[in-house]
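Here is a set of questions and answers on one protein chain. Please read them alongside the sequence and the coordinates.

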Amino acid sequence: MTPAARISAAITVLDQILAGSPAEQALLRWSRASRFAGSGDRAALRDLVFGALRQRDSLAALGGGLTGRGLMIGHVRQSGPSLDAIFTGEGHAPSPLTEAEAAVVPPDPLPDDLPDWLRPAWRQALGDQADAVALAMTQRAPVWLRVNGSRATPEQAAAVLATDGITVEAAPQLASALRVVTGDRLVARSSAYLDGLVELQDLSPQMACARLPLAPGLRVLDYCAGGGGKALALAARQPGMQVSAHDVAPARMADLPARAARAGAKVQIQTQPRGTFDLVVADVPCSGSGTWRRTPDAKWRLTAAQLSDLVALQARILDQVAALVAPGGLLAYMTCSVLEAENGDQVDAFLSRHPGFRRIDQQAWTPLTGGDGFFLAQLRQG
């Protein structure tokens with residue numbers, strides 16, 4: 001596909017997303033209907049679509065309208081190629097610009113690419129970093145790997161990755177974390193990944209897991225386990241622990257046994273946790289506002305009512321898991337959100353309902369520190 005044809009495809013997909021289709025669904029629909037497109041075309045289209053969604057409002061201002069065409073006009077205007085070279089109307093290229101489109105005068109400054117209703121809460125949570133974090137959310141997220149210490153050192157993992165054309169650099173914040181510099185789309189097929197030397201995991205949850213105090217013999221429960229990334233990270237840190245994983249939707253953990261076997265980790269799946277645990281990790285459902293670089297359409301789909309429902313769900317989960325924490329044990333509350341309603345405010349409300357717990361540690365990360373937005377509060381019982 002030519003660059004102009006890719007722009008035309010992005011316009012089609014973006015119009016579907018703007019009409020309410022989830023981004024992944026719209027991309028998959030286009031891919032199935034476009035068998036002629038190669039893997040490079042599909043990857044380029046994905047980059048165009050996700051890049052446009054990250055900067056939806058600012059590109060719409062540059063392009064003269066909140067449509068797929070407006071976003072792509074804004075993208076081309078911003079990125080440098082000649083509009084006349086792309087919007088030719090020839091072959092599969094989009095039609096030439098109208099007089100009105102050519103005469104667009106963008107506002108100065110451009111919009112900050114945040115939903116209007118969310119902006120006050122965003123600024124309240126992030127303070128003087130609000131603008132910088134909003135800007136960071138318009139950029140593509142880096143790919144991070146967690147080195148499985150039971151399989152390799154970071155240096156050994158980097159060397160094996162290099163044989164598959166993947167270059168990495170060490171994270172100064174955490175020895176076991178590697179940032180992919182080139183070859184990110186090759187990771188899932190690499191021998192380092194298939195042999196369990198590395199796992200895909202963002203830097204922020206890696207750092208959150210690294211803050212948790214572990215010891216041999218601890219009983220650990222990853223309560224909202226999903227794919228089990230945190231259970232695997234904790235098991236890798238302390239092989240002598242008893243690590244269990246639970247999710248209200250067990251299908252989300254379908255790949256966990258294979259992932260654990262690949263990593264050489266022991267993780268027990270519990271459909272109904274029984275007894276108490278020395279450490280309960282609750283990475284609860286949330287707005288995902290810290291991960292909007294990766295799922296930018298979610299930024300525009302979230303509503304105030306949905307956020308309120310999520311906050312209520314988080315409170316219910318916290319109340320449920322409180323009973324699973326052994327006396328003297330630790331509850332690790334996590335979100336991939338940067339919003340205070342889901343983070344500090346949620347912890348304050350929990351402590352008011354459960355005076356037997358006390359906060360011993362609290363940490364928030366943003367894309368300014370290298371990874372996604374993430375939150376951790378450690379709450380000790382007794």
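Two strands pair if DSSP finds at least two bridges between them. The model is predicted.

Q: In S4, which residue is the bridge partner of Arg146?
A: Strand S1 covers residues 144-147, and strand S4 covers residues 198-200. The two pair in the antiparallel sense over 3 bridges. Within S4, the bridge partner of Arg146 is Glu199.

Q: Which residue of S3 does Arg146 stand opposite?
A: S1 is also joined to strand S3 (residues 174-182), and the two run antiparallel with 3 bridges. In S3, the residue opposite Arg146 is Ala177.

Q: Which residues of strand S1 are buried on the side other than that of Trp144 and Arg146?
A: Both faces of S1 are covered. On one side the buried residues are Trp144 and Arg146. On the other side they are Leu145 and Val147.

Q: The side chain of Trp144 reaches the backbone oxygen of which residue?
A: Trp144 is found in strand S1. Trp144 counts as buried because its relative accessible area is 7%, under the 20% limit. At 3.1 Å, its side chain reaches the backbone oxygen of Gly370.

Q: In S3, what is the bridge partner of Glu169?
A: Strand S2 (residues 167-171) pairs with S3 in the antiparallel sense over 5 bridges. S2 and S3 form a hairpin with 2 residues between them. The partner of Glu169 in S3 is Arg179.

Q: How many residues apart are Arg262 and Glu199?
A: Arg262 forms a salt bridge with Glu199, the closest N and O atoms being 3.2 Å apart. This pair links distant parts of the chain, with Arg262 in helix H14 (residues 256-263) and Glu199 in strand S4; they are 63 residues apart.

Q: Is Glu199 buried or exposed?
A: A residue is buried when its relative accessible area is under 20%. The relative accessible area of Glu199 is 5%, so Glu199 is buried.

Q: With which residue does Asp202 form a salt bridge?
A: Asp202 counts as buried because its relative accessibility is 9%. A side-chain oxygen of Asp202 lies 3.1 Å from the backbone nitrogen of Ser204, capping the N-terminal end of H12. Asp202 also has a salt bridge, with closest N and O atoms 2.8 Å apart, and the residue it pairs with is Arg294.

Q: How many residues of helix H12 are buried?
A: Helix H12 (residues 203-211) is mostly covered. Its buried residues include Leu203, Met207 and Cys209. Of its 9 residues, the number buried is 7.

Q: Why is Cys209 too far from Cys336 for a bond?
A: A disulfide needs a pair of cysteine sulfur atoms within 2.5 Å. Cys336 holds the closest cysteine sulfur to that of Cys209, and the pair is too far apart for a bond because the distance is 13 Å.

Q: How many disulfides does the count come to?
A: The sulfur of Cys209 is too far from the closest cysteine sulfur for a bond. Cys286 is in no disulfide either; the nearest cysteine sulfur, that of Cys336, is 3.3 Å away. The count of disulfides comes to 0.

Q: Which side chain of opposite charge is nearest to Asp113?
A: Asp113 is buried because its relative accessible area is 4%. Asp113 has no salt bridge, and a salt bridge requires the nitrogen and oxygen to be within 4 Å. At 5.6 Å, the nearest side chain of opposite charge is Lys299.

Q: With which side chain does the side chain of Asp113 make a polar contact?
A: Asp113 is in the loop between helix H7 (99-102) and helix H8 (119-126). Its side chain reaches the backbone nitrogen of Arg56 at 3.3 Å. At 2.8 Å, the side chain of Asp113 makes a polar contact with that of Ser58.

Q: What is the phi of Asp113?
A: Most residues other than glycine have a negative phi. Asp113 is not a glycine, yet its phi is positive, at about 60°.

Q: What is omega for the peptide bond from Asp108 to Pro109?
A: Pro109 lies in the loop between H7 and H8. Most peptide bonds are trans. The bond from Asp108 to Pro109 is cis, with omega near 5°.

Methods
Residues numbered from 1 in each chain as written. Predicted model: local features only at pLDDT ≥ 70, side-chain atom pairs only at ≥ 80, totals over all residues. Heavy atoms only, no water. Helix = DSSP H or I, 4+ residues; strand = E, 2+ residues; numbered from the N terminus. Buried < 20%, exposed > 50% of the residue type's maximum accessible area, 1.4 Å probe, protein only. Lys, Arg positive; Asp, Glu negative; His and termini not counted. Polar contact = N/O pair within 3.5 Å; in protein donor to acceptor, adjacent residues only side chain to side chain.
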